[in-house]
Amino acid sequence: GGSMGRFSLLKEHLYTVGMMELSLFDVKAPANPTFVKAINLGWGVETIFPYENKLFIGTNTGMHIFSATDAANPVKLSTYSHVFACDPVVVQGKYAFVTLRTGNFCRQAVNQLEVVDIEDPTKPKQVAVFPMQSPHGLSVSGNNLFLCEGEYGIKSFNITNKTEIGKNMLQHINNIKSYDVIAGPKSLIVTGADGVY
C-alpha cells in the first residue's frame, strides 16, 4: 500500500484508521473476517503504514508508533509530535520519513519533509527537516525516496546521507499532479488528480 493508506494487513490481521481510532479485524479466514476491537487515538488520524512488527500512524499532530508483535493486541510505544499538519509516513530501517503540508484540513502548517530516528521506537527523535512545496505521499526503495508534490509534480532524492537529502534531488517531474506513490523493484505507481501513472 501507499503512504496515504487508511488500511493495512499484517500477520493475518487488517488494521484500519478512522478519524479517531485504530480498528482491528482478524482475517485468518478471509471469507469470514471478524472485528476484534477499536483503539481510540484522539482526533485527526490520517494514515497507517506497517513496517516489520510495528504500525506507524500519521495524524494531524504527530506520528504514533505501535508494537504489533502480538498482532491482536497492538501496544502504543510512543508519539512523535509536530506542528498541526497533514501527515503521511513511510519507514525504512531505523528512519521514518514524514511529510507535513498545508491544505484544507491542515491549517497554519508548513510544507516540509522530516527525517525521524526511530532506532528506539519509544523515543523517536528528529534528525533533519527539508522545505518542500506541497508534499503529499512518499515511498522509499533502496537509497531512493520518491515524494509527491501535488500540483508541483513528483521528486526523487538520494537518501544515503539522511542530513543532506534536500541537497540530493535526483529528478523533478513537474508535468503531472501526484498524490501518492508506491515504489516497486523496477517501477513506480503514482496516483494523482488526472489518474494513475
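## Briefing: a buried strand in an all-strand fold

All six residues of strand β10 (residues 95-100) are buried, so β10 is largely enclosed by the rest of the structure. Buried here means under 20% relative accessible area. The model is predicted. The protein has 19 strands and zero helices. Its radius of gyration is 16 Å, close to the 16 Å that the globule rule gives for 197 residues, so the protein is as compact as a globular protein of that length.

**Strand β10 and its side chains**
- Y95, F97 and T99 point one way from β10.
- A96, V98 and L100 point the other way.
- Both sets are buried.

**Partners of β10**
- Strands of a sheet pair through backbone hydrogen bonds, either parallel or antiparallel.
- Strand β9 (residues 89-92) runs antiparallel to β10, and four bridges join the two.
- In this pairing, V90 stands opposite F97 of β10.
- β9 and β10 form a hairpin with two residues between the strands.
- G93 in that hairpin takes a positive phi near 60 degrees.
- Strand β11 (residues 112-117) also pairs with β10 in the antiparallel sense, over six bridges.
- Here T99 of β10 faces its opposite residue, L113 in β11.

**The four-strand open sheet**
- Four strands make an open sheet in the order β5-β6-β7-β8, with antiparallel pairing.
- β5 (45-51) and β8 (75-81) stand at the edges with a single partner strand each, so one side of each is left without a neighbour in the sheet.
- From one strand to the next, the twist averages 20 degrees.
- Strand β7 (residues 62-67) pairs with the edge strand β8.
- Six bridges link β7 and β8, in the antiparallel sense.
- S67 stands opposite V75 in β8.

**The whole protein**
- Along the principal axes, the C-alpha atoms fill a box of roughly 45 × 35 × 35 Å.
- Of the 197 residues, 48% are buried.
- Among contacts with a separation of 6 or more, 40% join residues 24 or more positions apart.
- The protein exposes about 9,600 Å².
- Carbon and sulfur atoms supply 54% of that exposed area.

Key. Residues are numbered from 1 along each chain as its sequence is written. This is a predicted model: local features need pLDDT of at least 70, side-chain atom pairs count only at pLDDT 80 or more; totals for chains, interfaces and linings use all residues. Side-chain values use heavy atoms; hydrogens and water are left out. Buried means under 20% relative accessible area, exposed over 50%, partly exposed in between (1.4 Å probe, protein chains only). Two strands pair if DSSP finds at least two bridges between them. Axes are lines fitted to C-alpha atoms, for helices over the stretch in contact, and angles run from 0 to 180 degrees between N-to-C directions. The radius of gyration is taken over C-alpha atoms; the globule rule is 2.2 Å times the number of residues to the power 0.38. Contact means heavy atoms within 4.5 Å. Accessible areas come from the Shrake-Rupley method with a 1.4 Å probe; for residues, only the protein chains shown count as cover.
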